[in-house]
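Biologist: Pick one part of this model and take me through it closely, contacts and all. After that, I'd like to hear what the rest looks like in the same style.

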Amino acid sequence: MSRIGNNPITIPEGVTVEVNENVVTVKGKLGELSQEFSGVEIKVEDGNVQLARPSDSKEHKAKHGLYRALVNNMVAGVSKGWTKELELVGVGYRANNQGQKLDLALGFSHNIVLEIAPEVKIETISEKGKNPIVKLTSHDKQLVGQVAAKIRAFRKPEPYKGKGIKFVGEQLRRKAGKSA
């Protein structure tokens with residue numbers, strides 16, 4: 001059984017955590033995030049955030065760990081930020097960005113142009129002889145993951161040659177293919 005919810009969250013310097021009724025707000029140098037909560041009590045005291053559950057029911061136990069993880073991700077996001085890197089594997093696969101517009105050439109008849117949310121900073125890295133990399137950075141972990149998943153969904157890695165969009169460091173399950 002997980003005991004994540006019992007661990008206190010240490011608040012780094014320059015980060016403030018406020019709790020108003022059922023909304024927790026975290027402010028830091030990279031931005032501000034807020035999250036509604038229910039079924040737990042959140043207390044901020046001497047540089048720590050502590051979560052407590054009113055009972056040991058299954059619902060309260062689940063929410064205890066969930067909201068502790070969400071608040072911890074918010075604190076880490078506004079202090080350090082979150083980054084996801086996607087690698088385009090395949091001949092002729094390219095990525096460019098103009099401001100918040102990401103232009104992907106993925107072997108379809110037309111390029112895919114995706115408008116990225118302003119909270120997410122986007123960077124494309126193209127070096128000769130290496131696969132293009134799309135780097136997403138933001139203070140909101142959920143938003144970075146959602147944008148990365150949307151980009152990856154355009155061309156998921158296939159199991160034979162591994163062509164497609166994959167996360168940097170992701171291990172793919174490969175298949176042998178036809179053997180004569």
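Modeller: Quick vocabulary first: two strands pair if DSSP finds at least two bridges between them, while strands (E, at least two residues) and helices (H or I, at least four) are DSSP runs numbered from the N terminus. This is a predicted model, where local features need pLDDT of at least 70 and side-chain atom pairs count only at pLDDT 80 or more, though totals for chains, interfaces and linings use all residues. Residues are numbered from 1 along each chain as its sequence is written, and side-chain values use heavy atoms, leaving out hydrogens and water.

I'd pick helix 2 and what surrounds it. Start with the hairpin made by strand 8 and strand 9, which has 2 residues between the strands. Strand 8 (residues 94–98) runs antiparallel to strand 9, with 5 bridges joining them. One of the pairs to look for is asparagine 97, whose bridge partner in strand 9 is leucine 102. In the turn, glycine 99 has a positive phi of about 65°.

Strand 9 (101–105) comes up again under helix 2: it helps cover the buried residues of that helix, as do strand 10 (112–115), strand 7, strand 12 and strand 13, among others. Some of those names belong to an open sheet of 4 strands, ordered 11-12-7-13 and paired antiparallel. At its edges sit strand 11 (121–125) and strand 13 (164–167), each pairing on one side only. From one strand to the next the twist averages 20° (axes are lines fitted to C-alpha atoms, for helices over the stretch in contact, with angles from 0 to 180 degrees between N-to-C directions). Strand 11 meets strand 12 (residues 133–138) over 5 antiparallel bridges, and here isoleucine 125 stands opposite isoleucine 133 of strand 12. Helix 2 (residues 141–153) packs on this sheet, touching strand 7 (82–89), strand 12 and strand 13; contact means heavy atoms within 4.5 Å. The direction of helix 2 makes about 10° with that of strand 7.

Now the helix itself. At 1.5 Å a residue its 13 residues should span 18 Å, and the end C-alpha atoms are indeed 18 Å apart; the expected span is 1.5 Å times one less than the residue count. Leu143, Val144, Val147, Ala148, Ile151 and Arg152 are buried, and seen down the axis the buried residues of helix 2 fall within an arc of 165°, so they line one face. That arc is taken over the directions from the helix axis to the C-beta atoms. Turned away from the buried side are Gln142 and Gln146, both exposed. The cut-offs are under 20% relative accessible area for buried, over 50% for exposed and partly exposed in between (1.4 Å probe, protein chains only). At the N-terminal end, aspartate 140 is the cap: one of its side-chain oxygens lies 3.3 Å from the backbone nitrogen of glutamine 142. A polar contact is an N or O pair within 3.5 Å; within protein, one atom must be able to donate a hydrogen and the other to accept it, and residues adjacent in sequence count only through two side-chain atoms.

On to the rest. A second open sheet has 3 strands in the order 2-3-4, again antiparallel. Strand 2 (16–20) and strand 4 are at the edges with a single partner strand each, so one side of each has no neighbour in the sheet. Neighbouring strands here are turned by 15° against each other on average, direction ignored. Strand 2 pairs with strand 3 (residues 23–28) over 5 antiparallel bridges, and threonine 16 has lysine 27 of strand 3 as its bridge partner. Helix 1 packs on this sheet, touching strand 2, strand 3 and strand 4, and its direction makes about 170° with that of strand 4.

For helix 1, 22 residues at 1.5 Å each should span 32 Å, which agrees with the 32 Å between its end C-alpha atoms. Its buried residues include His60, Tyr67, Leu70 and Met74. Histidine 64 is also in helix 1 (residues 58–79), buried with a relative accessible area of 2%. The side chain of histidine 64 reaches the backbone oxygen of glycine 5 at 3.1 Å. Just after helix 1, glycine 81 takes a positive phi of about 95°.

Last stop is phenylalanine 37, in the loop between strand 4 (31–36) and strand 5 (41–45). Phenylalanine 37 is buried, at 7% relative accessible area, and its contacts beyond four places in sequence include Val19, Val23, Ile42 and Tyr67.
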